[in-house]
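Here are a few short exercises to work through with the model open beside you. Try each task before reading its solution.

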Amino acid sequence: MTKINTQLLHLAKDKRLNKVISEVGVLKPGKINTDIYASLIKAIVSQQLSVKAADTIHKRFLTLFKNNYPDAKTVLNIDNELLRSSGLSYQKSGYIKNIAQFSLTEGLDYNFLKKKTDTELIEHLMKIKGVGRWTVEMLLMFSLNRKDVFPIDDLGIQNGIKKIYKLKSEKKELIKDIQKIAEKWQPYRTLACRYIWKFKDQKAVF
């Protein structure tokens, strides 16, 4: 039995989530991206943007560099106005330079970082100004392929769970209700979240 099937069997015990899984279909297993530095930059570019807009800006950003790779030293020396020309805000341009500086002074080596727990990685990478908890959680989920990440502050996750489970609660009570629902998905909350995002993107009727 494949790892993805093992996870699905566990998640399918939740009847409402099982209906989502049935409607969405089997998702492909995630792949590990060992380039933490580039992944963090892409995550910053993607903040508060649709997938399409983020992809467009990220591609423009990469064309500013030799071989389409944002070498850290080059990033630190590039003019902010040139970064702005790719569609980045001044704020995001600054955050990307912060990541470049951190990679040179602290290092973002995959073989070192992979030994850290999810909590340790979140604490470590949040030292970088502009890199918040959500950004690191996306890195954990989509670059490091960690199995049990639950980005509770993600609005897509909140709205998706609220719709699927027909929750009427708001604010702090909603967060408590969501946390309780997600407890039963452990230790495979990452895959559960991927299904909720996909379900929401499909604008499925439930």
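## Exercise 1: The pockets

Task: find how the residues lining the second largest pocket divide into nonpolar, polar and charged.

Solution: The lining of the second largest pocket has 5 nonpolar, 2 polar and 6 charged residues. Here Ala, Val, Leu, Ile, Met, Phe, Trp, Tyr, Cys and Pro count as nonpolar, Asp, Glu, Lys and Arg as charged, and the others, Gly among them, as polar. Next, look at who these residues are: the lining holds 13 residues, and Arg-133, Glu-137, Val-149, Phe-150 and Arg-189 lie nearest the pocket centre. Two or more residues each come from α9 (118-125) and α10.

Before moving on, please note that this is a predicted model, in which local features need pLDDT of at least 70, side-chain atom pairs count only at pLDDT 80 or more, and totals for chains, interfaces and linings use all residues. Residues are numbered from 1 along each chain as its sequence is written, and side-chain values use heavy atoms, with hydrogens and water left out.

Task: describe the largest pocket by its volume and its lining.

Solution: Start with the volume, which is about 1,400 Å³ (the space filled by probe spheres set on grid points joined across faces, edges and corners). A pocket is an open set of points on a 1 Å grid over the protein atoms alone, where a 1.4 Å probe fits, with protein on both sides within 12 Å along at least five of seven lines; lining residues have an atom within 4 Å of a point. Then take the lining: of its 37 residues, Val-51, Trp-134, Met-138, Phe-142 and Trp-197 are closest to the centre. Helix α13 gives the largest share, 6 residues. By class, the lining has 16 nonpolar, 11 polar and 10 charged residues.

## Exercise 2: A helix pair

Task: work out how α3 is oriented relative to α7.

Solution: First, the axes of α3 (residues 36-46) and α7 (residues 90-105) come within 10 Å and cross at roughly 165°. Axes are lines fitted to C-alpha atoms, for helices over the stretch in contact, with angles from 0 to 180 degrees between N-to-C directions; helices are DSSP runs (H or I, at least four residues), numbered from the N terminus. The pair is therefore roughly antiparallel (angles over 145 degrees). Finally, list the contacts (heavy atoms within 4.5 Å): residues of α3 including Tyr-37, Leu-40 and Ile-41 meet residues of α7 including Lys-92, Tyr-95 and Ile-96. This contact has 9 nonpolar, 2 polar and 1 charged residues.

Note on methods:
Parallel < 35°, antiparallel > 145°, perpendicular 65-115°, else oblique.
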